[in-house]
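Reader: Hey, can you walk me through this one? I'd like to talk about charged pairs and then helix packing.

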Amino acid sequence: MSHGVVKNSRNGNSAHAAASTREVSESPPPPPDGGWGWMVVIASFMIHIVTDGMTYSFGVFYAEFLTYFNEGKGKTAWIVSILVGVTLSSGPISSSFVNRWGCRAVTIAGALLSAVCVVASAYAENVLTLIFTIGVGAGFGFGLIYLPAIVSVTVWFERYRSLATGIAVCGSGLGTFLFAPITSALISEYGWRGAMAIIGALILNCVPLGLMFRPVPEQRRTPVTEPMLPKSGNSPLKRSQSTENVIRANGKVEENDVARLTLSQPALNKSHEQRKLSKSQSRHGSGIMQRPDVLYQGSLNSLAKFRAASPERVLPKEPKKEPEDRCGWLPCSAESKAALSEMLDLSLLVDPVFVLFSLSNFLTSIGFYIPYVYIVPMSGKMNVPNSAYLISIIGASNLVGRIILGYISDKPWVNRLCAYNVCLTVAGISTALAMACWEFWGLAVYATVFGFTIGAYVGLTSVVLVDLLGLEKLTNAFGLLLLFQGIASLIGPPLAGWLYDVLNSYAPGFYVAGSTIALSGLILFFIPVLEKRNNRSRWIDETDMEQI
C-alpha cells in the first residue's frame, strides 16, 4: 500500500516535470542581448537625432515665421504645438500598426509621410498651411516613427536593455544640440523655405535607418526543466521555512504565492515571467506590443531587486474587457485590436496613484515645450547674441542628464520616484527664474539646469510607472499618458504666445511653464501617502471579509 503511494507520487512528479518542461519550451526565447541589436540601437539613435532634433529646435523656425508671416505669436505657436500633440497622441495608433506590420514597415511609412509634408511646407503661403503640413502631416509621421524607435530596441535586449535604450534616446539631446545651429545656418544661407526643404530631405534618411529595424530572429528553444517545487525529501529544492506556505496538498501553487517565491528564487522568477508572457501572447496574438515589458526602458535584471525592496502595492481589480470587433479604418487584426484596446483601457483611471501621476504628466507637458519654442525669440528681443546656441545647450545638458539619471536609476539604493520629483521641481523653478537673466551666460546657466533636470521627464517615466503600477500595467499606463501629454502639448506654446500678444512680454509664458512643471513634481510627493492609504483600506476590507 505504501509502495503504491510512493509510485503514484513519483509519477505525479514526472508529470509535473514534463508539464514544466513543456511550458518553458513553449515560452519565447530570451532576447539576443547583442549581435544585430547594436545596429538597431545605432539606427534608433540616428532617428532620434533627426526627428527630435527638428522638433526641439523648431524655435529657430518659429522666430522666422513670426517675421515672415507677421501673425500673432499665439497663432504661430499652433504649428509646433500641433506637431508635438499629434506625435504623442498617435502613439496608440502607431502601436496597432506595429503589431500588424512590424517596426520596419511602420518606421519607413512614417519617414516618407513626414519628409513629404516637411518638403511641402517650403511652399506654404500662410500659417494655416503650415499647421496642416507640419503640425498634422509631419506630426503623424513622427508619431509612426517615435514608438518603433523605442520598441525595436527593447525587443533585442534584456540584460543590457537600460544601456541600449539609454544610447538610443540620447540621440534626442544630440539632435537638439546639432539641429539648432544647423537650422540657423541654413536659414541664413537659403532662407526658411530652402532650410525646410533640406531638412525634409534629411528626414528621408530615416527610410534606410528603418530598414535596419530587423525583427528578432525566431530561435528554437531547447527544452529545459524548470526547478520543481519541493514535494518530498528527494526534491531538487530543499524545503525551507520561508517556502512552507507555498506547498499545497494537491501540488498546485497559488498565483500570489508564486509571486512571493520568485522574489527569492531568480530561476523561478525568470521562468514564471516567461510563462506569463507566453499566455499573454497566446491570448492576444503574436504582435510584439503584447509583451508586457516592451515599453520598459530599464534593466530587467534589476527589476526583481526593486520588487523585492519595495512593499507590494495593492491595485484595484477590474474585469478585463475583450477588444471589440470594430476598428474603423485601423487594421482589424486580432493583434492590432488587442494593442489598441490595451493602451486605451480606461479601467486604470480608478487607481488614485495613476490619476495623480497622469495629472503630473499633464502639467509637465503644458510647460515642457515653452522654453524650446520661446527661448530664441525671447533672447532675440533682449538683444542676446547667438540665441540659437541656447537650444544647443539645452540639448547637450539633456543628453548628459539622461545618461547620468538613467545610470543611477538602475541602482537599488536610489528612490527613482524621489529623483523624478526633485528633477521636475528644479526644472520648474529654474524656468520661472529664467526671466531674471539678461545676458547670454545667465541664460546658458538656465539652459544647462533645465536641460539636465528635464531629462528625467523622458528618461524615467517608464521605470517609475513600473515601480508604481507593476510591469503588467505599463503598456496601458504609457498609452494613456501619451494621450494626456499630447492634449497638454496643445495648450502650452499657444498659451504663452497669447500671453505675449496681450501683455507684450515673454515673462508670463515662462512663469506659466515654470509653475506647471514645478507643481507637477511637488504633487508627486503625495504618492507614498496615497499608497499607504490605499493599502491600509484594502487590508481593512480583507480583514472584514475574513471575519464575515
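Author: Sure, and keep in mind that this is a predicted model. Let's begin with Lys75, which is partly exposed, with a relative accessible area of 39%.

Reader: Okay, and what does Lys75 form a salt bridge with?

Author: Lys75 pairs with Glu71, and their closest N and O atoms are 3.6 Å apart. Glu71 counts as partly exposed too, because its relative accessibility is 30% and the partly exposed range lies between 20% and 50%.

Reader: Why would two side chains like that pair up at all?

Author: Side chains of opposite charge can pair when their charged atoms come close.

Reader: Got it. How many salt bridges does the structure hold?

Author: It holds three. One of them joins Glu125 and Arg193, with the closest N and O atoms 3.8 Å apart. Glu125 is in the loop between helix H5 (91–121) and helix H6 (127–154), while Arg193 is in helix H7 (residues 161–203), so this pair ties together parts that are 68 residues apart in sequence.

Reader: Is Glu125 buried or exposed?

Author: Glu125 counts as exposed, at 59% relative accessibility. Arg193 is partly exposed, at 23%.

Reader: And what does Arg416 pair with?

Author: Arg416 forms a salt bridge with Asp467, and there the closest N and O atoms are 2.7 Å apart. Arg416 sits in helix H16 (residues 416–432) and Asp467 in helix H18, so the pair links parts 51 residues apart in sequence.

Reader: Which of those counts as buried or exposed?

Author: Arg416 is buried, with a relative accessible area of just 2%. Asp467 is partly exposed, at 32%.

Reader: New topic: helix packing. What do people use to describe two packed helices?

Author: They use the angle between the axes and the distance between the axes.

Reader: So at what angle do H18 and H19 cross?

Author: The axes of H18 (residues 461–469) and H19 (residues 474–489) cross at roughly 125° and come within 10 Å. The two helices are therefore oblique to each other, and H18 passes H19 in a right-handed crossing.

Reader: Which residues meet there?

Author: From H18 you have Thr461, Ser462, Leu465, Val466 and Leu469, and they meet Leu474, Ala477, Phe478 and Leu481 in H19. By class, that contact has seven nonpolar residues, two polar ones and no charged ones.

Reader: Cool, and where is Asp467 again?

Author: Asp467 is in H18, and its salt bridge partner is Arg416.

Terms used. Residues are numbered from 1 along each chain as its sequence is written. This is a predicted model: local features need pLDDT of at least 70, side-chain atom pairs count only at pLDDT 80 or more; totals for chains, interfaces and linings use all residues. Side-chain values use heavy atoms; hydrogens and water are left out. Axes are lines fitted to C-alpha atoms, for helices over the stretch in contact, and angles run from 0 to 180 degrees between N-to-C directions. Helices (H or I, at least four residues) and strands (E, at least two) are DSSP runs, numbered from the N terminus. Angles under 35 degrees count as roughly parallel, over 145 as roughly antiparallel, 65 to 115 as roughly perpendicular and the rest as oblique. A crossing is left-handed if the near helix is turned anticlockwise from the far one by less than a right angle, and right-handed if clockwise. Contact means heavy atoms within 4.5 Å. Ala, Val, Leu, Ile, Met, Phe, Trp, Tyr, Cys and Pro count as nonpolar, Asp, Glu, Lys and Arg as charged, and the others, Gly among them, as polar. A salt bridge is a side-chain nitrogen of Lys or Arg within 4 Å of a carboxyl oxygen of Asp or Glu. Buried means under 20% relative accessible area, exposed over 50%, partly exposed in between (1.4 Å probe, protein chains only).
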